[in-house]
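Here are my notes on the model you sent over. Have it open while you read, and go through the points in order.

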Amino acid sequence: MDEHVKLLLDRQEIVDVTVAYTYALDTKNWTALDDVFLVDATAMLTEELNGREAIKERVRRALDHLDVSQHMISNHRIEISG
(Lines give C-alpha, C1' and ligand atoms only; values in the text may rest on other atoms or scores of the structure.)
Protein backbone atom coordinates (compact mmCIF):
# COMPACT_ATOMS: atom_id res chain seq x y z
CA MET A 1 0.00 0.00 0.00
CA ASP A 2 1.23 3.49 -0.77
CA GLU A 3 2.77 5.12 2.32
CA HIS A 4 0.66 8.26 1.94
CA VAL A 5 -2.56 6.23 1.72
CA LYS A 6 -1.51 4.20 4.78
CA LEU A 7 -0.92 7.43 6.72
CA LEU A 8 -4.37 8.74 5.77
CA LEU A 9 -5.99 5.45 6.80
CA ASP A 10 -4.15 5.46 10.13
CA ARG A 11 -5.27 9.03 10.82
CA GLN A 12 -8.88 8.15 9.99
CA GLU A 13 -8.81 5.14 12.29
CA ILE A 14 -7.68 7.38 15.14
CA VAL A 15 -10.51 9.82 14.44
CA ASP A 16 -12.96 6.91 14.26
CA VAL A 17 -11.92 5.75 17.74
CA THR A 18 -12.60 9.21 19.18
CA VAL A 19 -16.03 9.21 17.54
CA ALA A 20 -16.75 5.74 18.90
CA TYR A 21 -15.76 6.95 22.38
CA THR A 22 -18.12 9.92 22.38
CA TYR A 23 -20.94 7.89 20.83
CA ALA A 24 -20.55 5.22 23.54
CA LEU A 25 -20.66 7.90 26.24
CA ASP A 26 -23.74 9.64 24.88
CA THR A 27 -25.67 6.42 24.27
CA LYS A 28 -24.49 4.98 27.60
CA ASN A 29 -23.32 1.90 25.74
CA TRP A 30 -20.57 0.97 28.18
CA THR A 31 -19.89 -2.31 26.38
CA ALA A 32 -18.97 -0.35 23.25
CA LEU A 33 -16.02 1.06 25.17
CA ASP A 34 -14.45 -2.40 24.85
CA ASP A 35 -13.77 -1.45 21.23
CA VAL A 36 -12.25 1.88 22.27
CA PHE A 37 -9.88 0.91 25.09
CA LEU A 38 -7.40 -1.91 25.42
CA VAL A 39 -7.77 -4.08 28.52
CA ASP A 40 -4.67 -2.48 30.08
CA ALA A 41 -5.46 1.12 29.04
CA THR A 42 -4.81 4.05 31.34
CA ALA A 43 -6.64 7.36 31.42
CA MET A 44 -6.60 10.65 33.30
CA LEU A 45 -10.22 11.58 34.08
CA THR A 46 -9.78 13.78 37.17
CA GLU A 47 -7.77 10.84 38.50
CA GLU A 48 -5.51 8.22 36.99
CA LEU A 49 -7.46 5.15 35.97
CA ASN A 50 -5.75 1.86 35.25
CA GLY A 51 -7.48 -0.70 33.08
CA ARG A 52 -10.48 -0.61 30.78
CA GLU A 53 -12.91 -1.65 33.49
CA ALA A 54 -11.81 1.23 35.75
CA ILE A 55 -12.30 3.67 32.88
CA LYS A 56 -15.74 2.27 32.10
CA GLU A 57 -16.79 2.44 35.75
CA ARG A 58 -15.62 6.06 36.06
CA VAL A 59 -17.52 7.29 33.00
CA ARG A 60 -20.55 5.26 34.02
CA ARG A 61 -20.57 6.97 37.44
CA ALA A 62 -20.22 10.36 35.80
CA LEU A 63 -22.94 9.92 33.19
CA ASP A 64 -25.50 7.35 34.41
CA HIS A 65 -27.51 9.91 36.39
CA LEU A 66 -27.90 12.24 33.39
CA ASP A 67 -30.91 12.02 31.10
CA VAL A 68 -28.77 12.97 28.08
CA SER A 69 -25.25 14.10 27.32
CA GLN A 70 -23.58 15.48 24.24
CA HIS A 71 -19.87 15.06 23.67
CA MET A 72 -18.51 16.81 20.62
CA ILE A 73 -15.06 16.48 19.11
CA SER A 74 -13.27 18.65 16.60
CA ASN A 75 -9.89 19.87 15.49
CA HIS A 76 -8.04 16.59 15.69
CA ARG A 77 -4.32 16.98 16.02
CA ILE A 78 -2.72 13.69 15.08
CA GLU A 79 1.01 13.17 14.82
CA ILE A 80 2.18 9.80 13.54
CA SER A 81 5.79 8.71 13.67
CA GLY A 82 6.97 5.32 12.53
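The points below cover one helix and two residues worth a look.

1. First, a reminder that this is a predicted model, and the values below are all computed from it.

2. Let's start with helix α2, which runs over residues 52-63. Does its length add up, or what span should we expect for 12 residues? At 1.5 Å a residue the helix should span 16 Å, and its end C-alpha atoms are 16 Å apart, so the two agree.

3. Which residues of α2 are buried? They are Arg52, Ile55, Lys56, Arg58, Val59 and Leu63. These cover an arc of only 165° around the axis, so they sit on the same side of α2. The cover over them includes α1 (3-27), along with the strands β1 (42-44) and β2 (48-50).

4. Lys56 deserves its own point. This lysine is in helix α2, and its relative accessible area is 7%; the cut-off for buried is under 20%, so Lys56 counts as buried. Setting aside neighbours within four places in sequence, Lys56 is in contact with Trp30, Thr31, Leu33 and Asp34.

5. Now move along to Ile73, in the segment after α2. Is Ile73 buried, exposed or partly exposed? Its relative accessibility is 35%, so Ile73 counts as partly exposed.

6. What does Ile73 touch, if residues up to four places away in sequence are not counted? The contacts are Thr18, Val19 and Thr22. Thr22 is 51 residues from Ile73 along the chain, yet their C-alpha atoms are separated by 7.9 Å.

Technical notes. Residues numbered from 1 in each chain as written. Predicted model: local features only at pLDDT ≥ 70, side-chain atom pairs only at ≥ 80, totals over all residues. Heavy atoms only, no water. Helix = DSSP H or I, 4+ residues; strand = E, 2+ residues; numbered from the N terminus. Expected span 1.5 Å × (residues − 1). Buried < 20%, exposed > 50% of the residue type's maximum accessible area, 1.4 Å probe, protein only. Arc of directions from axis to C-beta. Contact = heavy atoms within 4.5 Å.
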